[in-house]
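Got your viewer ready? Let's walk through a helix pair and then a pocket.

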Amino acid sequence: MKIIEVKERTPMLVQQLLEVWEKSVRATHLFLSDSEVKNIKEYVPQALGSIAHLVIAKNENDFPIAFMGIENETLEMLFITPEERGKGLGKHLIQYGIKNYAVKRLAVNEQNPQAKGFYEHMKFKVYKRTEHDEQGNPYPLLYMSLQ
């Protein structure tokens with residue numbers, strides 16, 4: 001496995017990361033309906049194209065298996081294929097983000113308790129809660145900072 005920041009976000013790479021995103025979301029965001037996943041998916045390519053730092057993890061076949069997006073010391077996105085969850089990749093990526101991009105903050109869906117627990121394990125602590133996500137949908141967000 002190798003971790004790299006990608007500057008060039010080719011259509012092929014964006015499509016590969018979109019597949020990682022969808023597999024990850026369907027495995028972890030069980031509170032979202034199929035139509036909500038499809039709706040959100042339309043915005044993912046734009047997010048991938050505009051995030052300041054896009055870091056991907058590739059497997060031995062040079063295929064993306066995880067990615068994270070970082071902006072202004074904030075982890076904006078972290079998605080891992082279901083097959084790779086629980087193997088330490090998320091921890092490795094978070095540590096990479098902290099070391100190389102000074103990640104200090106993130107937001108996580110309250111309805112994704114596994115992610116919240118993972119970030120707590122990584123020494124992030126909730127400092128704020130909102131009733132709605134950043135798009136105004138009724139999905140509470142927990143804002144966490146590194147302790």
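Start by selecting helix 1 and helix 2 (DSSP runs of H or I, at least four residues, numbered from the N terminus): they pack at about 150°, axes 11 Å apart. Since angles over 145 degrees count as roughly antiparallel, helix 1 is therefore roughly antiparallel to helix 2. Axes here are lines fitted to C-alpha atoms over the stretch in contact, with angles from 0 to 180 degrees between N-to-C directions.

Now show side chains. From helix 1, Leu18, Trp21, Glu22, Val25 and Arg26 meet Asp34, Val37, Lys38, Ile40 and Lys41 of helix 2, contact being heavy atoms within 4.5 Å. Colour them by class and you get five nonpolar, five charged and no polar residues.

This is a predicted model, where local features need pLDDT of at least 70, side-chain atom pairs need 80 or more, and totals for chains, interfaces and linings use all residues. Numbering runs from 1 along each chain as its sequence is written, and side-chain values use heavy atoms, without hydrogens and water.

Next, select His29, Glu76, Met77, Phe79 and Asn109, the residues nearest the centre of the largest pocket, which has 50 lining residues. Strand 4 gives the most to that lining, seven residues. By class, the lining holds 26 nonpolar, 14 polar and 10 charged residues.

How values were computed:
On a 1 Å grid over the protein atoms alone, a cavity is a set of points where a 1.4 Å probe fits but cannot get out, and a pocket is an open set with protein on both sides within 12 Å along at least five of seven lines; lining residues have an atom within 4 Å of a point. Helices (H or I, at least four residues) and strands (E, at least two) are DSSP runs, numbered from the N terminus. Ala, Val, Leu, Ile, Met, Phe, Trp, Tyr, Cys and Pro count as nonpolar, Asp, Glu, Lys and Arg as charged, and the others, Gly among them, as polar. Angles under 35 degrees count as roughly parallel, over 145 as roughly antiparallel, 65 to 115 as roughly perpendicular and the rest as oblique.
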